[in-house]
Amino acid sequence: MIPNIIKDNKALITVAITIAITVTMTLNFTININQTITITQEQLNQTQEQLNQTQESLQLLEKTVELRT
């Protein structure tokens, strides 16, 4: 009886450890994806700001050209 309980406990511990490792790896993967998304969003925001500045510069240049002609 006792050896069976010990075997059952070992099996349960093994399953619990496997589940814990799987959950930890999944959480780490999810965190990495979220960090990547955050970095990408920041880069997109910076790119949008640069595009806005470029558009403003082009509009000023266009007005300057119009004034000269």
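In this predicted model, Ile19 has a relative accessible area of 48% and is therefore partly exposed, since that class covers values between the 20% limit for buried and the 50% limit for exposed residues. Ile19 is found in helix 1, which runs over residues 2-68, and it also belongs to a nonpolar patch on the surface, where it is joined by Val15, Val23, Leu27 and Ile31. Together, these five side chains of the patch offer about 440 Å² of accessible area.

Phe29 can be read alongside Ile19, for Phe29 too has its place in helix 1. With a relative accessibility of 54%, Phe29 counts as exposed, because the cut-off for that class is over 50%. From Phe29 one may look along the chain to Thr64, which is 35 residues away in sequence, and the C-alpha atoms of this pair are separated by 52 Å.

From these residues the view can widen to the whole protein chain, whose secondary structure comes to 1 helix and 0 strands. The radius of gyration of the chain is 30 Å, whereas the globule rule gives 11 Å for 69 residues, and the chain is therefore more spread out than a compact globule. The box filled by its C-alpha atoms, taken along the principal axes, is roughly 100 × 10 × 5 Å.

The surface of the chain completes the picture. Of the 69 residues in the protein chain, 0% are buried, and the accessible surface comes to about 6,600 Å², with 64% of this area belonging to carbon and sulfur atoms. The chain also carries 4 positive and 6 negative charges, and the mean position of the positive charges lies 18 Å from that of the negative ones.

Terms used. Residues numbered from 1 in each chain as written. Predicted model: local features only at pLDDT ≥ 70, side-chain atom pairs only at ≥ 80, totals over all residues. Heavy atoms only, no water. Patch = residues over 30% accessible without salt bridge, like charges linked within 9 Å, V, L, I, M, F, W, Y side chains within 5 Å. Areas by Shrake-Rupley, 256 points an atom, 1.4 Å probe, with all protein chains shown as cover. Salt bridge = Lys/Arg side-chain N within 4 Å of Asp/Glu carboxyl O. Helix = DSSP H or I, 4+ residues; strand = E, 2+ residues; numbered from the N terminus. Buried < 20%, exposed > 50% of the residue type's maximum accessible area, 1.4 Å probe, protein only. Rg over C-alpha atoms; globule rule 2.2 N^0.38 Å. Lys, Arg positive; Asp, Glu negative; His and termini not counted. Charge placed at Lys NZ, Arg CZ, Asp CG, Glu CD.
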